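Me: Could you take me through this structure slowly, and show how each label is earned from its value?

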Amino acid sequence: MFESRCGVLCNSCERKAAVGCKGCVNMEKPFWGGECGVKTCCESRKLDHCGKCADFPCDMLANLGREFGYDPLPRLDALRKWSAESVL
Ligand code: SF4
Ligand code: SF4
C-alpha cells in the first residue's frame, strides 16, 4: 500500500499522532497548512503516487527535501516498490 504521493513513509512517522496528522494521502493540504507542489501535481494528474507518473522522477520530486538535508533516494526507492507491487 502506498502511504504518500512522494514516497515518504507516513505510517512510520513517530510524530504522526502527536501532531494530529492523518498522513499525506488522507489530507487535503499538508498538515503544516501550506502547499506541497508534489502532492498538488500528483493529485492533479489523478495518480496514486509519483511512482506511477510518466515523468518519474521529475526534478521537483527528486529534489524534494534536499535543501533540508534529506536524502531523496529512500523515497524514490519506496515509489518504485509501490509501483512494482501494484502490477503484481
Ligand atoms: S512532502 Fe508532500 S507529497 Fe510528500 S508526504 Fe508531505 S505532503 Fe505528501
Ligand atoms: S513525478 Fe513529478 S511530475 Fe510526476 S506527479 Fe510527481 S511531482 Fe508531478
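The turns below go from the whole chain to single residues.

Reply: Before we begin, please note that this is a predicted model, in which local features need pLDDT of at least 70 and side-chain atom pairs count only at pLDDT 80 or more, while totals for chains, interfaces and linings use all residues. Residues are numbered from 1 along each chain as its sequence is written, chains are lettered from A and ligands numbered from 1 in the order in which they are written, and side-chain values use heavy atoms, with hydrogens and water left out.

Me: How many helices and strands are there in the protein?

Reply: The protein has three helices and zero strands, where helices (H or I, at least four residues) and strands (E, at least two) are DSSP runs numbered from the N terminus. Along the sequence this gives the pattern α-α-α.

Me: What makes the protein as compact as a globular protein of its length?

Reply: The radius of gyration, taken over C-alpha atoms, is set against the globule rule, which is 2.2 Å times the number of residues to the power 0.38. For 88 residues the rule gives 12 Å, and the protein's own value of 12 Å is close to that, so the protein is as compact as a globular protein of that length. The C-alpha trace spans about 35 × 30 × 25 Å along its principal axes.

Me: Why is serine 4 called buried?

Reply: Buried means under 20% relative accessible area, exposed means over 50%, and partly exposed lies in between (1.4 Å probe, protein chains only). Serine 4 has a relative accessible area of 0%, and therefore it is buried. Serine 4 sits in the segment before helix 1 (37-44). Of the 88 residues of the protein, 34% count as buried.

Me: Why does arginine 5 count as buried, and why is lysine 46 called exposed?

Reply: Arginine 5 has 11% relative accessibility, so it counts as buried, whereas lysine 46 is exposed because its relative accessible area is 75%. Arginine 5 is in the segment before helix 1, while lysine 46 lies in the loop between helix 1 and helix 2. Lysine 46 also has a phi near 60°, a positive value in a residue other than glycine.

Me: What polar contact does the side chain of arginine 5 make?

Reply: The partner is the side chain of glutamate 43, at 2.9 Å. A polar contact is a pair of N or O atoms within 3.5 Å; within protein, one must be able to donate a hydrogen and the other to accept it, and residues adjacent in sequence count only if both atoms are side-chain atoms. The side chain of serine 4 reaches the backbone nitrogen of glycine 7 at 2.9 Å and the backbone nitrogen of cysteine 6 at 3.5 Å.

Me: Which residues surround ligand 1?

Reply: Ligand 1 is surrounded by Ser4, Arg5, Cys6, Cys24, Cys36, Lys39 and Leu64, where a residue is near a molecule or strand if one of its heavy atoms lies within 4 Å of it. By class this shell has four nonpolar, one polar and two charged residues. Ala, Val, Leu, Ile, Met, Phe, Trp, Tyr, Cys and Pro count as nonpolar, Asp, Glu, Lys and Arg as charged, and the others, Gly among them, as polar.

Me: What does the shell around ligand 2 hold, by class?

Reply: It has eight nonpolar, no polar and one charged residues. The residues around ligand 2 are Cys41, Cys42, Arg45, Leu47, Cys50, Cys53, Cys58, Met60 and Leu61. Helix 1 and helix 2 (59-63) are the elements that give two or more residues to this shell.

Me: Why does cysteine 53 count as buried, and which residues does it touch?

Reply: Cysteine 53 is buried because its relative accessible area is 17%. Contact means heavy atoms within 4.5 Å, and cysteine 53 touches Arg45 and Leu47, not counting residues up to four places away in sequence. Cysteine 53 is in the loop between helix 1 and helix 2.

Me: What makes a nonpolar core, and how many residues has the largest?

Reply: A nonpolar core is a set of buried Ala, Val, Leu, Ile, Met, Phe, Trp, Tyr and Cys residues joined through side-chain atoms within 4.5 Å. The largest has 12 residues, including Cys53, Leu61 and Trp82. Its largest share, four residues, comes from helix 3. In soluble globular proteins, nonpolar side chains tend to be buried together.
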